[in-house]
Amino acid sequence: MSCYVCRNNDQFDQLPPRERIAADTYWRVAHAFNSTLPGWLVLVPRRHVTTVAGLTDDEAATLGTWQVRLSRALHEATGCVKTYVIQFAEQEGFGHVHFHVVPRMADIPDDLRGPKVFGYLARPPASGIDERQRDDLAAALQARLGQARP
Ligand SMILES: [Zn+2]
């Protein structure tokens with residue numbers, strides 16, 4: 001399988017904190033691996049699905065709760081003034097449904113506001129924030145969300 005999300009879902013128990021900040025039966029929360037903005041989260045279904053319409057009723061039942069809980073945790077952990085919640089799943093190899101939950105900071109530059117927030121995602125050869133910082137953020141968020149559960 002060439003799906004990045006499924007490869008990580010398949011090794012759930014071995015994932016570092018930044019890749020399983022929280023989880024339930026249907027969803028897993030990770031820090032975006034290529035974000036240069038601390039706190040950029042990704043909410044992913046734990047099975048392969050490529051459309052929002054393809055989510056089951058059980059997956060849908062907790063989706064909104066996750067989006068709100070993650071937003072509240074980001075307000076507390078990052079001091080953001082609101083969150084952006086975005087779903088495209090268009091990039092090659094990333095067709096697995098994933099909801100970006102992005103802290104919108106008070107001092108966001110105009111050229112990164114709204115849809116332009118994707119400017120925070122690094123393109124090779126640049127890289128995102130380092131693994132340790134993502135793990136530290138994961139710990140801060142876990143303290144607000146409860147531990148990741150399979
Ligand atoms: Zn997948």
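**A friendly note on the fold**

1. Reading from the N terminus, the elements of the protein chain come in the order α-β-β-β-α-β-β-α. That makes 3 helices and 5 strands. Please keep in mind that this is a predicted model.

2. On overall shape, the C-alpha trace spans about 40 × 35 × 30 Å along its principal axes. The radius of gyration is 14 Å, which agrees with the value near 15 Å for a compact globule of 150 residues. Buried residues account for 27% of the 150. Among contacts with a separation of 6 or more, 63% join residues 24 or more positions apart.

3. Now to the sheet. The 5 strands form an open sheet, ordered E1-E2-E3-E5-E4, and their pairing is antiparallel. Strands E1 (22–23) and E4 (82–87) are at the edges with a single partner strand each, so one side of each has no neighbour in the sheet. As a reminder, strands of a sheet pair through backbone hydrogen bonds.

4. One pairing to look at on screen is that of strand E2 (residues 27–31) with strand E3 (residues 41–45), antiparallel over 5 bridges. Here arginine 28 has valine 44 in E3 as its bridge partner. Helix H2 (residues 57–78) packs on the sheet, where it touches E2, E3, E4 and strand E5 (99–104). The directions of H2 and E5 make an angle of about 25 degrees.

5. Finally, the annotation: UniProt lists "domain: HIT" for residues 38–114, in an unreviewed entry. Over residues 38–114 the chain is 29% helix and 22% strand, with the end C-alpha atoms 17 Å apart.

Notes. Residues numbered from 1 in each chain as written. Predicted model: local features only at pLDDT ≥ 70, side-chain atom pairs only at ≥ 80, totals over all residues. Helix = DSSP H or I, 4+ residues; strand = E, 2+ residues; numbered from the N terminus. Rg over C-alpha atoms; globule rule 2.2 N^0.38 Å. Buried ≥ 20, exposed ≤ 12 C-beta atoms within 10 Å, placed from the backbone. Contact = placed C-beta atoms within 7 Å. UniProt positions renumbered as here; feature names shortened; annotations may be inferred. Pairing = 2+ DSSP bridges. Axes fitted to C-alpha atoms, helices over the stretch in contact; angles between N-to-C directions.
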